[in-house]
Amino acid sequence: MTESLLLPEGARIFVAGHRGLVGSAVARRLTADGHEVLTRTRTELDLRDAARTADYLRNTRPDAVVLAAAKVGGIMANSTSPVQFIEENLQIQLSVIAGAHQAGTGRLLFLGSSCIYPKLAPQPISEDALLTGPLEPTNQAYALAKIAGIVQIQSYRQQYGASYISAMPTNLYGPGDNFDLETSHVLPALIRRFHEAREEGRDEVTLWGSGSPRREFLHVDDLAAACALLLRSYDGDEPVNVGCGTDLTIRELAETVAEVTGFAGRIGWDTSKPDGTPRKLLDVTRLSSLGWKPGIPLREGIAATYEAWRRA
């Protein structure tokens with residue numbers, strides 16, 4: 001199938017979850033690329049409601065759907081609310097993917113997460129590592145929901161020949177991120193903690209774990225560029241990893257964030273708290289073969305994210 005047929009110019013694209021970190025970046029990118037982006041707020045359309053979601057998609061008949069809507073959170077949120085993480089994500093996925101098929105939507109991109117891979121997967125993690133070992137227990141419920149989404153996409157391809165695809169982003173950050181310390185991911189939480197410590201004149205910030213786990217971080221605008229490319233160019237059965245191909249320790253990340261925010265005190269580590277997966281670096285060979293590479297260096301992206309949050 002040619003690129004032009006995968007996603008026509010000026011396509012009408014429903015971005016589910018357009019107010020979130022990922023969805024907002026994808027909507028910005030697709031609009032800049034000349035597409036008509038369709039959106040609905042949660043009050044206008046609860047994506048967990050399969051009947052209403054199907055009605056909306058039948059009435060609007062978009063050319064494509066990007067499923068970026070999800071219930072997301074960090075280690076604490078995943079550990080304390082696993083029921084909500086598995087049920088709400090399954091409900092959203094079942095509603096949107098099935099509804100898109102019923103509406104005759106020709107193209108769909110499902111966005112998952114790198115947490116779908118086994119906790120101790122060989123590094124860097126290729127897409128083939130899926131379902132080859134136990135998951136990280138602290139976010140197992142969320143990961144299983146996302147794995148179900150991948151299988152749902154593959155099933156629609158197999159049974160109906162649907163041009164539906166899935167992508168698995170690495171850890172993301174950028175403008176519009178969640179900075180709530182109870183529910184946020186590691187990078188925005190670090191930004192807020194170091195900022196507040198500097199504002200309050202504190203001389204130490206204590207962080208969870210040992211600081212030794214390694215993670216990669218991708219700016220959400222780079223992810224959006226990758227999504228646009230995949231919608232135009234990829235039509236395979238297998239999910240596609242989206243990452244930058246390099247990682248660093250959480251300790252190194254914390255030191256970078258402290259420098260960006262101007263915190264000059266000591267960084268302590270509470271080793272009684274969990275580290276999570278020891279390393280999670282994605283193999284991005286499949287995406288790179290399409291001619292894609294990230295464009296925003298980590299320190300530059302952190303500084304821009306910090307300034308955007310301060311101005312918000």
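Is Leu131 buried or exposed? Leu131 is exposed, with a relative accessible area of 63%. That residue gets its own close-up below, alongside several other spots in this predicted model.

**Figure 1. The largest nonpolar core and its best-connected members.** This core has 39 residues, and the ones touching the most other members are Phe14, Leu47, Leu67, Leu108, Tyr117 and Tyr164. Who chips in? At least two core residues come from each of β1 (12-16), α3 (50-60), β3 (64-67), α5 (82-102), β4 (107-111), α6 (140-160) and β5 (163-169). Apart from this core lies another one, of 34 residues, with Val26, Leu30, Leu111 and Leu218 among them. As a bit of background, nonpolar side chains in soluble globular proteins tend to be buried together.

**Figure 2. Phe14 and Leu45, in contact with each other.** Zoom in on Phe14 and, once neighbours within four places in sequence are set aside, its contacts are Leu38, Thr39, Arg40, Leu45, Leu47, Tyr56, Leu57, Pro62, Ala64, Val65 and Val66. Leu45 sits in the loop between β2 (36-38) and α3. Even so, Leu45 counts as buried, at 5% relative accessibility. Not counting residues up to four places away in sequence, Leu45 touches Phe14, Arg40, Arg52, Thr53 and Tyr56. If you want a distance to check on screen, try Leu45 to Ala16: they are 29 residues apart along the chain, and their C-alpha atoms are separated by 9.9 Å.

**Figure 3. Helix α5 packed against helix α6.** The two helices meet at an angle of about 15°, and their axes are 8 Å apart. With angles under 35 degrees counting as roughly parallel, α5 and α6 are therefore roughly parallel to each other. The crossing of α5 past α6 is right-handed. On the α5 side, look for Pro82, Phe85, Ile86, Asn89, Leu90, Gln93, Leu94, Ile97, Ala98 and His101. Facing them from α6 are Ala141, Tyr142, Leu144, Ala145, Lys146, Ala148, Gly149, Gln152, Ile153, Tyr156 and Tyr160. Sorted by class, this contact has 15 nonpolar residues, 5 polar and 1 charged.

**Figure 4. Helix α9 crossing helix α11 at an angle of about 50°.** Here α9 (residues 250-261) packs on α11 (residues 298-311), with the axes 10 Å apart. That angle makes α9 oblique to α11. As for handedness, α9 passes α11 in a right-handed crossing. Leu253, Thr256, Val257, Glu259, Val260 and Thr261 make the contact from α9, while α11 brings Leu298, Arg299, Ile302, Ala303 and Tyr306. The tally by class is 7 nonpolar, 2 polar and 2 charged residues.

**Figure 5. Two buried arginines, Arg107 and Arg157.** Where does Arg107 sit? Arg107 is in strand β4, and its relative accessible area is 1%, so it counts as buried. Leaving out residues up to four places away in sequence, Arg107 touches Leu6, Asp63, Ala64, Val65, Ser163, Tyr164, Ile165, Leu230, Leu231, Tyr234 and Asp235. Lys293 is another story: it is 186 residues from Arg107 along the chain, and the two C-alpha atoms are separated by 23 Å. Now for Arg157, which belongs to helix α6. Arg157 is buried too, with a relative accessible area of 13%. With the same sequence neighbours left out, Arg157 touches Ala162, Ser163, Tyr164, Ile165, Asp235, Gly236 and Asp237. Ser163, Tyr164, Ile165 and Asp235 turn up in the contacts of both arginines.

**Figure 6. Backbone oddities in the loop between β4 and α6, at Pro124 and Leu131.** Which residues does the cis peptide bond join? The bond joins Gln123 and Pro124, and omega is about -10°. Pro124 is in the loop between β4 and α6, and so is Leu131. Leu131 has a positive phi, about 65°, although it is not a glycine. This is the exposed leucine from the opening question, at 63% relative accessible area.

**Figure 7. Arg61, with a positive phi in a residue other than glycine.** For Arg61, phi is near 45°. The residue lies in the loop between α3 and β3. At 47% relative accessibility, Arg61 counts as partly exposed.

Technical notes. Residues numbered from 1 in each chain as written. Predicted model: local features only at pLDDT ≥ 70, side-chain atom pairs only at ≥ 80, totals over all residues. Heavy atoms only, no water. Core = buried A, V, L, I, M, F, W, Y, C linked by side-chain atoms within 4.5 Å. Buried < 20%, exposed > 50% of the residue type's maximum accessible area, 1.4 Å probe, protein only. Helix = DSSP H or I, 4+ residues; strand = E, 2+ residues; numbered from the N terminus. Contact = heavy atoms within 4.5 Å. Axes fitted to C-alpha atoms, helices over the stretch in contact; angles between N-to-C directions. Parallel < 35°, antiparallel > 145°, perpendicular 65-115°, else oblique. Left-handed = near helix turned anticlockwise from the far one by under 90°. Nonpolar A, V, L, I, M, F, W, Y, C, P; charged D, E, K, R; others polar.
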